[in-house]
Amino acid sequence: MIVYKVLTGNHPYIINEDYFDPRIKYYYFHTHEIKNKSGKWKFIKIPVEQSLLYTQRKYKILSHKLFEEPSIYLDFNYKQKPNFYENNIKLLNENSYTVGKHHFRLHYIDEICDWLILFAEINTLIKITRYLKYIKYNFNVHFGCECGYLCRDNSKQTKELNNMWWHFWKKFKKRDQLFFPVATYFTKNKVNLVDTLKCMYVVTSNVMFRKKPKNITNEIPNFVKQINSITKRTDTFNSKIITYRL
């Protein structure tokens with residue numbers, strides 16, 4: 001089993017980790033120098049391809065290009081609990097692809113409203129939604145996920161899903177977790193959703209990729225109507241999205 005992280009950008013300090021399992025191989029891909037290298041990580045400096053975001057997403061999504069054996073991707077701010085190996089070996093034995101589930105972003109409207117609050121422009125979100133409608137994506141099957149955790153056996157199914165996910169992400173180079181359910185739909189592959197906090201901690205860090213959230217509460221009702229007119233659904237978004245972000 002392999003655990004790996006990918007950090008792009010000039011962030012010289014990483015979080016200190018308390019637990020490493022001797023049965024796991026650890027890889028840390030990074031584009032800039034890291035000053036506090038520690039633990040069992042094998043640090044590998046990688047070149048920037050096109051942009052920092054493009055590089056990070058490429059290494060994150062295309063796990064089968066990096067490893068032949070099963071691998072687990074973790075965001076930079078995820079830390080393992082002592083039961084990490086046992087939990088994940090069980091998942092790998094039972095599932096080809098496991099991803100973290102989101103507890104209150106459950107539908108497409110939740111995901112896209114959350115993205116709007118963070119930094120996205122309405123025109124961009126309308127464009128993406130219309131594109132997904134055009135290619136006949138079934139918005140009814142959309143699910144909320146946390147792609148800071150990806151447990152994959154790197155089998156044929158994994159490769160198909162990774163490649164499809166990469167295909168959709170490259171088209172817009174935006175919000176990878178929005179396109180993950182889309183990729184599962186078009187590959188007809190099933191994924192397992194789990195509560196990541198059972199075997200991991202999520203810690204705060206100075207490394208931030210997101211802009212400051214926008215307080216656009218008054219704009220959301222009309223935006224929801226616009227999205228629903230495209231998806232032909234009558235969704236309402238979860239208000240926890242606003243309280244969580246703002």
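**A tour of Trp 41, Arg 152 and the aromatic pairs**

Select Trp 41 to begin: this residue is buried, with a relative accessible area of 8%, where buried means under 20% relative accessible area, computed with a 1.4 Å probe on protein chains only. The model is predicted, so local features need pLDDT of at least 70 and side-chain atom pairs count only at pLDDT 80 or more, while totals for chains, interfaces and linings use all residues. Residues are numbered from 1 along each chain as its sequence is written, and side-chain values use heavy atoms, with hydrogens and water left out.

Keep Trp 41 and widen the view to ring pairs, of which a search of the whole structure finds 26; rings of Phe, Tyr and Trp (its six-membered ring) pair if their centres lie within 6.5 Å, and planes over 60 degrees apart count as edge-to-face. Add Tyr 28, whose ring centre is 5.1 Å from that of Trp 41, with the planes at 75°, so the pair is edge-to-face. Tyr 28 is itself buried, at 2% relative accessibility.

Next, display the cluster that ring pairs form from Tyr 4, Tyr 27, Phe 29, Tyr 59, Phe 67 and Tyr 73.

From Tyr 4, move to Arg 152, as their side chains make a polar contact at 3.0 Å (a pair of N or O atoms within 3.5 Å, one able to donate a hydrogen and the other to accept it; residues adjacent in sequence count only if both atoms are side-chain atoms). The side chain of Arg 152 also makes a polar contact with the side chain of Tyr 97, at 3.3 Å, and Arg 152 is buried, with a relative accessible area of 0%.

Note on methods: Buried means under 20% relative accessible area, exposed over 50%, partly exposed in between (1.4 Å probe, protein chains only). Rings of Phe, Tyr and Trp (its six-membered ring) pair if their centres lie within 6.5 Å; planes under 30 degrees apart count as stacked, over 60 as edge-to-face and the rest as tilted.
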